[in-house]
Amino acid sequence: MSLTKKDTTVLQNFINGVWVSSNSSQTLNVPNPATNQLLTKVPVSTKDDVNAAVAAAKEAFNKWKKVPVPKRARILFKYHSLLSDNHEELARLIVQENGKAFKEAYGEVQRGIECVEFASGAPTLMMGETLSGIAEEIDSEMFRYPLGVVGGITPFNFPMMVPLWMFPLAIACGNTFVLKPSERTPILANRLAELFSEAGAPPGVLNVVHGAHDVVNGLLDHEDIAAISFVGSQPVAKYVYERAAAKGKRVQALSGAKNHHIVMPDADLDKAVQHIISSTFGSAGQRCMACSAVVVVGDNEPFVKALAKKADELIIGNGMDDEVLLTPVIRKEHRDKVLGYIEKGIAEGADLIRDGRKEIGDYPEGNFLGPTIFDHVTPEMTIAKDEIFAPVLSLLRASDLDQGLEYIRKSRYGNGATIYTNNAKAIRQFREEADAGMLGINVGVPATMAFFPFSGWKDSFYGDLHVNGKDGLNFYTRKKMITSRFEA
Ligand code: NAD
């Protein structure tokens, strides 16, 4: 299976249960990042396309909200089984459009399926609360209700997992949904919609509108959209949060990251190196939970040497090849931007101890970049502050844990952080003082599972209720309180 049957020329939108062409004739190319061969084209849909999808979702909501919760959950059970049956095909589609290694893509599909699993518990999740006797002969009850039409806007780096953070739970709670996938990885979204429809979702419950800024703005401004779930880069997350909130919508906007890993002097060297290599260079560093800054505590030259040696051994190439760990970045323009960051790192005085630019010439057909490591980076340098989103690692030196924690505190981002140590006191201090929302203790990618919130802090998140877990449930429902007097 390469592309779905709908995808041979220009992708179509999915509105009210049918595949329709966009009103716009403008398209963008969707190339395979490993080869730059054209996979398909994505339409740059218009506000009229958005309006049609929102109208369908609004109409569908009137019926969908009344479907008993166990019946809604049964559709998710069926969806779960269809996604599982097509696990490999979905993973291959991810490799084609995103470029990541098949093993990573396979894991991503699994993570997406787990979100459906969580949402399938809707009958239990949706339960309210009661208290008999809040006053004499008076009781109180809380019921949960859906919000209405929810808009979801997603990034290129997890074409399966991120949409599935959103629409299964939103829909299980009784909402209807309009998804705007990344225009750089739009193919999988159509397959997800196709399978959801096959699972029995009625027309209009899930709609997909492809495109770019106009579609996003159309969703943010639409008066019939009650809430926006967004995942993407920091400037866009802030923009989405402010614009949608100004229109009175509920918003959760997950944003960029700069995740620090602290290596304590007592850390198991081999394990720390292994975790950091896979966290930094897996998916070409294009993960919001990727390690992008390592704080080396103490004079740990053996660690730095071992890390650089392991980076030398990484196999670069097409994600469909089994051995490959380092895959391409998403577009040539992104690679050019990363090359600019490497220049800047050199100009600002960091030591380039491994230069990944040298490997580019070996892979001219795709957007490849070899593992790049800077040493003696200081927190003020641009490469320490910005999210580069590529296989580029900064090593910062610290005399003790306090200084390492200070670096984390100084970062504008607070998605994740990890410590490598077996020292209980250091672990506790890290847990209490690290200024980030998802922490790892000897764990390279401390991403949370579907039943916990994905819990970024600071500029890594705008809003108050995160995706997944009880936060996700609270985000996609509103509560109604009933107070009843029973005196004769
Ligand atoms: P992006 O911000 O470029 O795009 C995200 C979405 O916003 C896309 O659908 C895109 O079409 C839309 N968009 C982009 N620019 C826009 C604009 N000016 N106006 C309106 N809409 C716009 O992000 P990306 O490059 O696709 O994804 C990578 C980013 O996402 C990284 O910063 C990464 O850290 C972040 N991310 C965060 C999390 C998290 O959980 N915090 C998870 C995954 C990805």
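Ser283 is buried, its relative accessible area being 4%. In this predicted model, Ser283 sits in the loop that runs between α10 (269-281) and β13 (291-297). Its backbone is worth a look: phi of Ser283 is near 55°, a positive value in a residue other than glycine. Most residues other than glycine have a negative phi.

A second residue with a positive phi is Lys458, which is not a glycine either and has a phi of about 50°. Lys458 belongs to strand β20, made of residues 457-458. Is Lys458 buried or partly exposed? Its relative accessibility is 28%, and because buried means under 20% and exposed over 50%, Lys458 counts as partly exposed.

From these two residues the view can widen to the whole chain. Its secondary structure comprises 16 helices and 22 strands. The radius of gyration is 23 Å, close to the 23 Å given by the globule rule for 488 residues, so the chain is as compact as a globular protein of that length. Along the principal axes, the C-alpha atoms fill a box of roughly 80 × 60 × 40 Å.

Contacts and burial come next. Among contacts in the chain with a separation of 6 or more, 72% are between residues 24 or more positions apart. Buried residues make up 59% of the 488 in the chain.

The interior holds a largest nonpolar core of 71 residues. Which of its residues touch the most other members? They are Tyr79, Leu83, Met160, Trp165, Phe177 and Phe196. Helix α6 (residues 161-172) supplies the largest share of this core, with ten residues. Apart from this core lies another, of 56 residues, including Ala311, Ala390, Tyr420 and Ala426.

Phe177 shows what the surroundings of one such core residue look like. Leaving aside residues up to four places away in sequence, Phe177 touches Met166, Phe167, Ala170 and Ile171, among others. Its partners also include Val150, Gly151 and Gly152, as well as Val205, Leu206 and Asn207. Another residue touched by Phe177 is Tyr476.

The surface and the charges complete the picture. About 19,700 Å² of the chain is exposed, and carbon and sulfur atoms supply 51% of that area. The chain carries 53 positive and 58 negative charges. How far apart are the mean positions of the positive and negative charges? The two mean positions are 4 Å apart.

Definitions and conventions:
Residues numbered from 1 in each chain as written. Predicted model: local features only at pLDDT ≥ 70, side-chain atom pairs only at ≥ 80, totals over all residues. Heavy atoms only, no water. Helix = DSSP H or I, 4+ residues; strand = E, 2+ residues; numbered from the N terminus. Rg over C-alpha atoms; globule rule 2.2 N^0.38 Å. Buried < 20%, exposed > 50% of the residue type's maximum accessible area, 1.4 Å probe, protein only. Contact = heavy atoms within 4.5 Å. Areas by Shrake-Rupley, 256 points an atom, 1.4 Å probe, with all protein chains shown as cover. Lys, Arg positive; Asp, Glu negative; His and termini not counted. Charge placed at Lys NZ, Arg CZ, Asp CG, Glu CD. Core = buried A, V, L, I, M, F, W, Y, C linked by side-chain atoms within 4.5 Å.
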